[in-house]
Structure formats: structure tokens, C-alpha cells
Amino acid sequence: MSSATQEVTLIGLCDGELDSKRYKTSYLTNKVGGQPDWWPVASRPPPRCGRCGAPLAHVVQVYCPLEASPYHRNLHLFACPGAECSGRADCWRALRSQCLEAQAAAAQTSSRPAPAQEAPLSVTDWCEAADDWGMEAEEEQGDGWGGGVKEDSQVQEETAAPQTEDSPAVSETDVSSRLQELRLGGSQEDVPVFCPFFISVVEESDLCGDEGELEHAQELLREYERREGVAVGELEGGEAGGEEKYEKTRARHGDAVFSRFMKRISLCPQQILRYCRGGKPLFISEPPSNLAQVVSACGSCGGSRTFELQLMPALVSLLRGTDGSAEAELEFGTVLVYTCSNSCWTAGSDSPVEEFCFVQMDPDQQLFN
């Protein structure tokens, strides 16, 4: 990136099924579905639906440390797949967890390393230039996500000492951890689990760099214009985040905001996630005029919240249950996540902080089926 302050939008894409029998995932893994990978020192409260009280399914896990912060940082999104709960903000939960490197290292040295191989798509696999979630890469560290975290973690795992006669305390820790998992597992027996997928990322601006890709995107746009009876103009060949120039002609559904949404994602219709902390969200329908008041203050410190990421319509068709069900009842247009502007965290805390979800339904859902 040319400037550390430049607003960069990152696009998340589904990048292959995650086979839990072959790959070990951790808090460094960015993924859809599966079980959440909590910090070794974090508690694991089973989130429940605010409407029906049912346990929520894990939808997305994102590793997103902030620049110049000493903390590892994760966002976990959960949702209720019940048909009656679809599209309701109180049926979604966004939990933010943070952990100092020293805490993570101490927890790792007291746990038994798993034999499964490391997941191939981890921190440094986001973007070829390592511009992960908008953080500028540092050449010496080779990672823009908080100082070579992946490499440190791998070294800690590789140098972990084998168990000796001095290791009864480790065994006791493992037993305690397993008992906790059993207790938690009893309350999560009926929790629906979505098939897990890796998430990879590209910068949205990179999607405009190839002439062939731009022509393909314009063809998709023309097809949309014919189908909807709306003219949104030709795509510009520069920054995707530049000034939007499109005619205010109304689509058949009468929603110019939706037309703008379609134009913006036409470069990459398969995107499942957009990330731009402190940036502008991409609304799929007209947001309420009092959105600033709708987005509540941080429940932990009382400070304001800022936009961080949103889930996209293409994710809906990928959310399939591991129990063999064809497709979950979970439907949405976009889910916008607002997080504490200060990313507040109490030192030594082992409980995640709840953030704010704003849900918009898709006014033309059949376009993504």
C-alpha cells in the first residue's frame, strides 16, 4: 500500500473445504463454519439466540490484530439458523477476544501439541503481498498482522519439550481442560455446525488491475442492467473505492442503494466478506437515518463503535450443515459488524467482549441463488 492511512477494503473468498482430520486450526486461522478456535486462556460461553434461546451456530472466525497493538485479536460471528429468527439482529452475536503474546505462549507450553499438520492457509496466506486485513507488511517480519505471529507460534510448537517425569502438572492441566470441554460439550450437543471452509483474501483495488477481468465485470453489469431495467453506468478502471458515478435510474424494485451495491460487488460476485476497519460499509438497502443511534456504544468501556467488517450474500449458499442437511435456514443480505473504536480490553480477562451486528435482508435474494 502507498500509505498506512489509506483506506483499503479487503475481500474474503471461500478457498477450499477445511478437513478437520487433516488440518489443525487455531486462532490464527480465518474460516467459515466449524467449531470456533478460542484462545487457550479464553473462556468459551455458549452464545444463545436473543429470540428463541437456542444455541447459535458458528458462522465466521477472523484473526484481525490491530497495528501497533500488543494483542492477538479475533472476531467470532454466531447466528441462529432457525427459520423464525432469520434476518433479526438479536439472533446474531459478534464476540471479540484478545490475548497478549505472553499469555498465548504460556498456554501453548502447558498444552500437548496436536499431531495433525498445520492448516495451509493461515496468517501470511492473506494476500500475496501480506497486506492482511489492511495492515502494511513489514519486510523483516514478513507479516503485517502483528509481528510475525505465525512464525513465533510455529517455533513454540516445534521447540516444545517432550513430556518427562516432571510433567504431572501438564497432565493435570490437560485433564482439567478436557473436563471443561466435556461440560461445555454437554450444553452444545444440539448446536448446529456449518461445514468449515478456509477464507483467503485479496485487495478490492487489485480486482480492477486486469483488463480482461474488468471486461468480464462489465459484462456481468450489463446483464444485471438488462434483467433489472436499470442503468448504473460503466465501471471505472481505477480504484474500486473511488467516487461512484451511476445514473439515478430506479431498478424495478425501486432501490437505488441496491443498484449501487450490485455495481460495487460486480468485480467479484463470489465475495463472502468485506473488511475495512474504520471505513464505510456497503449497504444493500437504505439504512435507517438514525443509524448512528442504532449502533449502540461499547458495552465494556462505553465508547463509540466503528465499522469493521460485513458478511456478503454469496456466503448464504455455502452455509451447509455437517449433519448432511442440504442448506441451513440462515438467510441475510449483509451483516455489518461494528466494534469498539478503542478495541478496549481488560488485562488478564478471559471473557470475550460482545460487539454490535446490524442485519439487512436481501431485497432480491434470487440473484444469488
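**Figure 1. G12 stands across from V201, a residue of strand β8.** This is a predicted model, in which local features need pLDDT (the predictor's confidence in each residue, from 0 to 100) of at least 70 and side-chain atom pairs count only at pLDDT 80 or more, while totals for chains, interfaces and linings use all residues. Residues are numbered from 1 along each chain as its sequence is written, and side-chain values use heavy atoms, with hydrogens and water left out. Here we're looking at strand β1 (residues 10-17) and strand β8 (residues 197-203), which run antiparallel and are joined by six bridges. β1 also pairs with strand β9 (residues 273-275), again antiparallel, over three bridges; there, L10 has Y275 as its bridge partner. Two strands pair if DSSP finds at least two bridges between them. Helices (H or I, at least four residues) and strands (E, at least two) are DSSP runs, numbered from the N terminus; the protein chain has six helices and twelve strands.

**Figure 2. S20 sits in the loop that links β1 and β2 (23-24).** Is S20 buried or exposed? S20 is exposed, because its relative accessible area is 58%. The scale goes like this: buried means under 20% relative accessible area, exposed over 50%, and partly exposed in between (1.4 Å probe, protein chains only). Now look across to P196: S20 and P196 are 176 residues apart along the chain, yet their C-alpha atoms are separated by 8.4 Å.

**Figure 3. C80 and C52 aren't bonded to each other.** A disulfide is a pair of cysteine sulfur atoms within 2.5 Å, and a search of the whole structure turns up zero of them. Why does C80 have no bond to its closest cysteine sulfur? That sulfur belongs to C52 and is 3.7 Å away, which is too far for a bond. C80 itself counts as buried, because its relative accessibility is 4%.

**Figure 4. F307 and Y338 meet edge-to-face, one of eight aromatic pairs.** Rings of Phe, Tyr and Trp (its six-membered ring) pair if their centres lie within 6.5 Å; planes under 30 degrees apart count as stacked, over 60 as edge-to-face and the rest as tilted. For F307 and Y338 the numbers are 5.9 Å centre to centre and 70 degrees between the planes. The pair links distant parts of the chain, with F307 in strand β10 (residues 305-311) and Y338 in strand β11 (residues 334-340), 31 residues apart. F307 counts as buried because its relative accessibility is 4%, and Y338 does so at 8%. Elsewhere, Y27, W39 and Y63 make up one aromatic cluster.

**Figure 5. β12 (353-360) is mostly covered and has strand partners in β6 (92-100) and β11.** Seven of the eight residues of β12 are buried. On the β11 side there are five bridges in the antiparallel sense, and Y338 has F356 as its bridge partner. On the β6 side, three bridges join the strands, which also run antiparallel; the partner of L95 is E354.

**Figure 6. The largest nonpolar core holds 32 residues.** A nonpolar core is a set of buried Ala, Val, Leu, Ile, Met, Phe, Trp, Tyr and Cys residues joined through side-chain atoms within 4.5 Å. Those with the most contacts inside this core are V59, V60, W92, L311, L315 and F332. Which element gives the largest share? That's β4, with four residues. To pick one residue, L315 is in contact (heavy atoms within 4.5 Å) with V32, V59, V60, I272 and F332, leaving aside neighbours within four places in sequence. Another core, of nine residues, lies apart from the largest one; among its members are V257, Y338, F356 and F358.

**Figure 7. Helix α5 (residues 256-265) is largely enclosed by the rest of the structure, because nine of its ten residues are buried.** The buried residues include V257, F258, F261, M262 and I265, and K263 and R264 are on the list too. For the whole protein chain of 369 residues, 49% count as buried.

**Figure 8. Two stretches to treat with care are residues 121-188 and residues 234-250.** The protein chain averages a pLDDT of 74, and 61% of the residues score at least 70. Over residues 121-188 the pLDDT is below 50, though this stretch has 107 contacts in the model beyond near neighbours in sequence. Residues 234-250 stay under 50 as well, with 40 contacts beyond four places in sequence. Where pLDDT is low, the predicted coordinates should not be read in detail.
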